[in-house]
Amino acid sequence: MAAGAVNHAALAGVRAAIIDLDGTMLDTVPDFHVAINAMRAELALAPISAETIKHMVGKGSENLIRSVLALDLDAAGVEQRFEQAMDAYQRHYLAINGQHSTLYPDVIAGLAAMKAAGLRLACVTNKPIAFALPLLEQKKLRDFFEIVYGGDSLPKKKPDPLPLLQVCRDFDLAPSKVVAIGDSSNDAQAARSAGCPVLTVPYGYNHGHSIHETDSDGIVNTLLDAAKALQPMS
Ligand SMILES: O=C(O)COP(=O)(O)O
């Protein structure tokens, strides 16, 4: 769907929104870049570019670290170094979490507008919860959300629908009343499998693909545009 064209019928009656974190609210690639290259230095591996990392973000830490190691190592080598790499990565990430990350335009205004319109808000990210919560606090986002689930909060993460369905249960709402908003096919697939409508933003990561290739109920340029697309609510 083209940016700005929104399937209003699919969004009618929406009462809550599930918002993704990395690539949707915050540009966190600069944090990933610093932590991953610090980890790679410990493992005597050469630094890699932010652009390379950008395409690997969104499917959780394990997937990210395996993808980063696979740039240099075969499958057996990846498994052999995985634990050491993960320990180093987590230590470095927690030490700099948020320091290099920035809010995308109109995130706070968008969340405030959704709240003002009476929408209940949850954040569902594949980021580990121990990274996600301090980051949300630091960027003054935490208080917008009644619920925050990280990639390790529940038995399955996006693109599995489970975290989205858990939010629907928590809010006691049918999935058709809960819109998911994210930057990637990972978010859209989870939403489609859960039966939630989905809006995407075009500025995030999406594993190196154009967001126009992703099935959604509309592409919104900012979270403020998402809030406008969700009004008037029935
Ligand atoms: O994979 C991650 O760490 C971030 O994932 P998210 O896009 O679901 O926030």
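**Two domains and the surface between them**

Start with the layout: the C-alpha centres of domain 1 and domain 2 sit 26 Å apart. What you're looking at is a predicted model, and the chain's pLDDT averages 95, with 97% of the residues scoring at least 70. For the complex, the predictor reports an ipTM of 0.91 and a pTM of 0.94.

To find the two parts along the chain, follow the domain assignment. Domain 1 comes in two stretches, 8-27 and 103-233, while domain 2 covers 29-96. Where they touch, domain 1 brings 13 residues to the contact and domain 2 brings 15.

Now look at how much surface goes under. Between them, domain 1 and domain 2 bury about 1,200 Å², and 60% of that lies on carbon and sulfur atoms. If you want a place to zoom in on the domain 1 side, try F131, Y205 and H207: they account for 46% of the area domain 1 buries against domain 2, more than any other three residues.

Then there's the polar side of the story. Seven residue pairs make polar contacts across the interface of domain 1 and domain 2, with both partners at pLDDT 80 or more. By class, the face of domain 1 that touches domain 2 is a mix of four nonpolar, five polar and four charged residues.

As for salt bridges, the count between the two domains is one. Pick out E62 and K157 to see side chains paired in a salt bridge, with an N to O distance of 3.7 Å. By the domain bounds, E62 falls in domain 2 and K157 in domain 1.

Note on methods
Residues numbered from 1 in each chain as written. Heavy atoms only, no water. pLDDT = per-residue confidence, 0-100. Domains from an automatic or database assignment. Contact = heavy atoms within 4.5 Å. Buried area = accessible area lost by both parts, 1.4 Å probe. Salt bridge = Lys/Arg side-chain N within 4 Å of Asp/Glu carboxyl O. Polar contact = N/O pair within 3.5 Å; in protein donor to acceptor, adjacent residues only side chain to side chain. Nonpolar A, V, L, I, M, F, W, Y, C, P; charged D, E, K, R; others polar.
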